[in-house]
Each structure stands twice: as C-alpha cells, then as structure tokens.
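Visitor: Please take a close look at one residue and at how open its surroundings are. After that, please set this residue within the rest of the chain.

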Amino acid sequence: MQGFAVEKIRNIGIMAHIDAGKTTTTERILFYTGITHKMGEVDEGTAVMDWMAQEQERGITITSAATTCYWNDHRINIIDTPGHVDFTAEVERSLRVLDGAIIILCGVGGVEPQSETVWRQADRYQVPRIAYINKMDRMGVDPEKALKQMKKRLNANPLPIQIPLGTEENFRGVIDLVEMKEIDWGEDMLGTQFEVRDISPENLDAVLEKRNEILEQASDADDAVMEKYIEGAEISPQEIKKAIRAGTISLRFVPVLYGASFRNKGVHPLMDAIVDYLPAPDDIPPVRGYHPKTLDVETRRASKDDPFSALVFKIMNDPYVGTLSFFRVYSGKTKLGATVYNSTKSSEERISRLLEMHSNKRKELKEAFAGDIAALGSMKNVSTGDTLCLRSHPIILESIKFPEPVISATIEPKSKIDHSKLAEALAKLTREDPTFRVIHDSQTGQTLICGMGELHLEILMDRMTREFGVKANLGKPQVAYKETITAEAEGEGKYIRQTGGRGQYGHCKVTVEPLVRASGFEFVERIRGGAIPREFISSIEAGIREAMETGILAGFPMSDIKVTLLDGSFHEVDSTSIAFKIAGSLAFKEAASKAAPVLLEPIMSLEVVSPEEYLGDIVGDVNARRGKIEKMEMRGGSRVMRAYVPLAEMFGYATILRTITQGRGVFSMEFYQYEVIPSNIMEEIVARVEGRIPLR
C-alpha cells in the first residue's frame, strides 16, 4: 500500500454555533460520497456522526467524530466538532491537526456567539476556511446580513463565489460565479438530481457584477490572473479557481457558498469547493518542533520521505478496543508492528492496532502516511498532545493548549461497591477529556470534579452511569474561583529541624509581583555567588507551585504571579531537597500574604435573543446579577442583548429566562475572562470557607 498522494488529501473540520447544521451537513456529505446509504437525521437521533446515546437524545454534538470519504479522486478526512461552548476543547484539539475548515453559518441567525469563538480559534491556528451559509430555505433568511456580520464581527474578508437562486421556500439552488452556471435542484427531495444550465438572461447583470468582484479579489492573489484582468482578457474557470485557492490558503479571503443541507441543496458544490480551495497537507508550511535534547528547531515536510512524526490529539475509550489514540501524521509513515518513540514521555511502544475511524466504527489499516488521520489501539502510555516519532530522529511538536475549568462539584459513589469503579471511571474520563479535572480535598476527604459548565458535568455523569456502570451523586455546582495578588512584596522562608542525627535546613528569600490576567505563573532565579546550590532551586520552585495550589485567602488556586528567587543560605550537611521545598513554600506564603491578595471569579460572555417586549425585564434581571450590558441590536425581528456576567450569578438562568419570556427567549454563554471580585462579596466567600481548603 503506497498511501494516497499527499496533494489529493484534505483534512478538514466542520464547525459552527450550536444548531447551525454542522452534523446535518456532514451526514449529507457521507451520503453523497457513498459512505452511508441512508441519510441520518439529528432530529430523529439517527445521525452517524452523533453516535453517543447522549448526542442522539439531546440532538447536539458532544464529541468530535472523525470519518473519511472520497470525492473526485480526493480523500477527505472530516472532523465534525461540537457547537456547544462546554465542549470547546473538542474544537481546539481538532483545529490543531486540521489543514482547513468549513465554518457553517445559519442564514437566519448569521454570526452567532460560538461562531465567533471557533473563528478566533481558527485564527489562532492560522487555518484556511470556507464559509457555508446554511438554512437558505428558512423564513427570515438574510444572507447579505450574514456577510456584513462576517466583516464586522469576525474581521473576515468574505468572497461569495455563488449567488442563491431564490430564498426561503423558493430556494432552488445556486449560481456558480466561477463556472458561470446555474445549479437547480428543483423539487428533488434527495438532492441527487439537479440541472446544470447556462445563466438565464434575467440573472446575467447581477452575475457579471458579482463575478467582477471575484476577479478583483482573485487577481490580488495571482499575478497571471491580475495581468489578464488588467488587459481585459478572458480568464478561464481553472485560472480563477487556482487564484481563489491561493487567496484562501494565504488567509486573504474566505470563499462563501450557500445551501440548505436539510433540504439536500448546495452540498455538491460545497464538496467541490473543499477539493478546489482548501489546502492539501503539502500546501501548508512544514510543521515546526524542537529536538528534545538540544532544543534546536526542527521542521518536517508533509512527505512520506521525511522521518516519521505525528501528534496525538484525542484519546477515546472504546468498549471493544479499549483506549483509542487519534493521531495526525505530519511526516513520513508508520505501519502495523512498528515501534514508535513518544518524545514527550521518552518512552517507546509497539503499534499493535492501526485503525481508520468512521465515527464509532473502524477499519483495520496496515500503514499510515503523511497527511493521514488515524487511530492507534491499546497504547498504554499516550496522552493528548504527545508527539510520536522515530527515536533516531526525535522531535517534539507544539502541544495543544486547553482552557481552564470554570465550574466544580463534589462527587460521591452511591454505594461501597461503586467506590473503586468510580475512581477507575474518573481516571479514564480525565485521560480522555483535558478540560475535566478530578481533585481530592485532603481536609474534607471529598472528591471534586471540575469542568467547563453544568452541561459538561451532566454529560460526564451520564456517561459514567451508561459506559462504566457507576452510580454516583453529584453535589451542587460551585464556581472555580482563583486567587492572585495586586502588589509587590518580599518573603523569607526558613525550615530548620534538628532531630539528633542529620537535620533539615532550607532557607530562601523571594519577591512576588502581579502579572497580567491569564498569564499563569513565572519563576525567575537571581541567586548570586552560589548562596543556594543549583540542585535545590527546582525544589524551591516546586514548593512555590505547591503553595499556589491552595491560596492564602480561601484556599483557591493562585494565578498570574511572578516569583523571583533572590537569596538564601544552605548547610553543607543538613540541606535537602525537601527542606528547600518547604522553605520555598513558606517564603511564598509570607510574601503573598503581604501582597494585597484578592479573589478572582470567572466572567461569562452572555447573549440573549428574545422578542422586544421582554427586553426591559431581561436587562433588569442581568443588572441584578452584577452584569454589565455591552450592546443591544436587532436580529431578524428579535432583540439581541450582549453582556458580561459573573458565572456565580448564572446558575439556573435557563429556567428564569424561560419564565421572563414565556419560553420565547434563548441564550448562549461562554467563558470570557477572570476578574477581581468586589470586596463585599469576597469577604462573604472567605467567611464561608474559613478554616478549610474549599471547593475549587
């Protein structure tokens, strides 16, 4: 097996706001490419890509599902990602390994909050994308508004390469501005029969105007097209496609297409656009990493002749195979039975199972080549973000950064039998989901689980019951507060113990200062003249990190702090790593307590859409929740309010909003940033948890 030619591979993700039609579009793609023989429907719980029981019941995507299909002699690896903000990690990890993306926008809703989030994530990873404006058959559809919102909210440069043929119930198809053809699906319900015809005279003026816009933008991306455009010469569709492809890959613009996936219209041109405009693995720059020993920068080309390198982007528990490790091959090739080197963990493992995934089904593979997305079965020591390579050519690729959990709750088994099963289930779920944390509170003996939102924890509890047979009680969700400092201060830590024989001696001086929000922790060492031997400095840092886990105000983790190690002393005989670790912890606590410590709380970005008559009550309610109204606007006859509100005030908001708006209001909420809590509320929280390490 030689593998697919790398230029014929497309690794793409489908992403959008919740309910914009991601999974429905993917189901149509699978049907038209012959992977499935019956269209799955989200509403009926039969979608192939939404294979989890929880996804089928709720009609939402929870986990990113991977599949492979073929179109016009190209191999397309697709990842369908969730739209709900609680599962943003699934989008993050998918974007890290994808070469291109389709952003689906609802023709009625336009650019919605989660559309902005996934767009920013795609910007961060420099992923070329095409936009697909879906639901063109819906009442109130406004594609022009969606294009304006792309410019304004996403700072994007949309390039429509189609014009819709009709809108709302009259939507029949699209006019292809590149090939200069009308594609009309008419009344065909399956979407397999459509007429391709020349442009009718009544549409010609609008088409020529829009096509001119395409030629203008495309000429910026291709010198040959620019030359012909200036001279007024005829430019062939192939030349235009080449220019659009160049502009898309260089992120100059975003081609825009139209369709109604549920009505099976517009998906064929979308498939052509994936092949024509989104990059192959060898169209993007070679992947960069560093040598684990020398730390020199290393690059790998998307070629099977380069040394093997791959990144593990997802771990999944499979009832038949055990643990599945999804990976993207960036260079070289590997095969069944080969030994791969995990450069992140400095360990080697043999490939016993190599699989091509199709949602929750799998096909055995013998080899995987540059550009492929596949899965490894039964790998014991592999985690999300690990690099796999050859021991003879080691490289560590950039890992995946995940957001911090913002909510926590206590969990306890319902019976003693469930106790050991619970620990095992939590360990497996933690390995699978990087935004899920388990913390054991040594003071209270409680186990805390932390996640991205109420729905996130609810789904994980449901999975524990169904997949692992564990019955457990979940406590009331709590906010994941943090602590930080607002001033500079100095602290000294001495740990001296004499117990007859060899003693313990550690002594250090540190200063602490605040960092900008969301920058974590920085440790700087400024020891002069060997006041502390080098081997003990890492122990001091470890002690400081440990002290930061349980802050000094109310026991919440500390963040956004720079610690500088200035001075200290040691004893020739009695100094030990543990003594300096304790001294570092003591010095940090003393300094932090003098540095005006404060509590931080997660602030959420809230968007509420409702009929105008309820707006006053909604605004009053948000103000009462300590919210700050950012802006208000009209959207398709409804009022849209955006605000920033503390997460602590938002528990149970869905019920309140339903009551205020008689069930006609909807909202979406995502994490924005951590901010300092007002002093009166901070005093109340500290008083409530005084005397013990609290929930985190």
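Guide: A residue is called exposed when its relative accessible area is over 50%, buried when that area is under 20%, and partly exposed in between, with a 1.4 Å probe and only protein chains considered. Serine 346 falls in the exposed class because its relative accessibility is 51%. Serine 346 belongs to the loop between strand 17 (339–342) and strand 18 (347–350); helices (DSSP runs of H or I, at least four residues) and strands (runs of E, at least two) are numbered from the N terminus. Although serine 346 is not a glycine, its phi is positive, at about 55°.

The model is a predicted one, in which local features need pLDDT of at least 70 and side-chain atom pairs count only at pLDDT 80 or more, while totals for chains, interfaces and linings use all residues. Residues are numbered from 1 along each chain as its sequence is written, and side-chain values rest on heavy atoms, with hydrogens and water left out.

A second non-glycine residue with a positive phi, of about 50°, is asparagine 72. Asparagine 72 sits in the loop between strand 2 (65–71) and strand 3 (74–80), and at 48% relative accessibility this residue is partly exposed.

These loops belong to a protein chain with 16 helices and 38 strands. Of its 696 residues, 57% count as buried. The accessible surface, found by the Shrake-Rupley method with a 1.4 Å probe and, for residues, with only the protein chains shown as cover, comes to about 29,900 Å². Carbon and sulfur atoms contribute 50% of that surface. For contacts (heavy atoms within 4.5 Å), the chain gives this figure: among those between residues at least 6 apart in sequence, 73% join residues at least 24 apart.

Two buried residues show such surroundings in detail. Leucine 95, in helix 3 (residues 88–97), has a relative accessible area of 1% and is therefore buried. Apart from residues up to four places away in sequence, leucine 95 touches Met15, Val118, Gln121, Ala122, Tyr125 and Val127. Its C-alpha atom is 7.2 Å from that of glycine 13, 82 residues away along the chain. Arginine 153, in helix 5 (residues 143–154), is buried at 16% relative accessibility. Beyond its neighbours within four places in sequence, arginine 153 contacts Val111, Glu116, Glu633, Arg635 and Arg642. From arginine 153 to glutamate 116 the C-alpha distance is 7.3 Å, with their positions 37 residues apart in sequence. Helix 9 (residues 267–277) is mostly covered, with nine of its eleven residues buried, including Leu270, Met271 and Tyr277.

Charged side chains may be considered next. A salt bridge is a side-chain nitrogen of Lys or Arg within 4 Å of a carboxyl oxygen of Asp or Glu, and the structure holds 32 of them. One joins aspartate 99 and arginine 328, at 3.0 Å from N to O. This pair links distant parts of the chain, 229 residues apart: aspartate 99 is in the loop between helix 3 and strand 4 (100–106), and arginine 328 is in strand 15 (residues 322–331). Both partners are buried.

Other salt bridges lie within a helix. Glutamate 424 and lysine 428 form one, with their closest N and O atoms 3.8 Å apart; these two residues of helix 10 (residues 417–432) are four residues, about one turn, apart. Glutamate 424 is partly exposed at 48%, and lysine 428 is partly exposed at 35%. In helix 12 (residues 537–549), glutamate 541 and arginine 545 are separated by about one helical turn because they are four residues apart. Their side chains meet in a salt bridge of 3.2 Å, N to O. Glutamate 541 is partly exposed, at 21%, and arginine 545 is partly exposed, at 44%. A network of salt bridges links Arg172, Glu182, Asp184, Glu195 and Arg197.

Finally, Asp205, Glu209, Glu213, Glu216 and Asp220 form a negative surface patch. Patch members have over 30% relative accessible area and no salt bridge, with like charges joined within 9 Å and nonpolar side chains (Val, Leu, Ile, Met, Phe, Trp, Tyr) within 5 Å. Lys and Arg count as positive and Asp and Glu as negative, without His or the chain ends; each charge is placed at NZ of Lys, CZ of Arg, CG of Asp or CD of Glu. Within this patch, aspartate 220 belongs to helix 6 (residues 201–221) and is partly exposed, with a relative accessible area of 44%.
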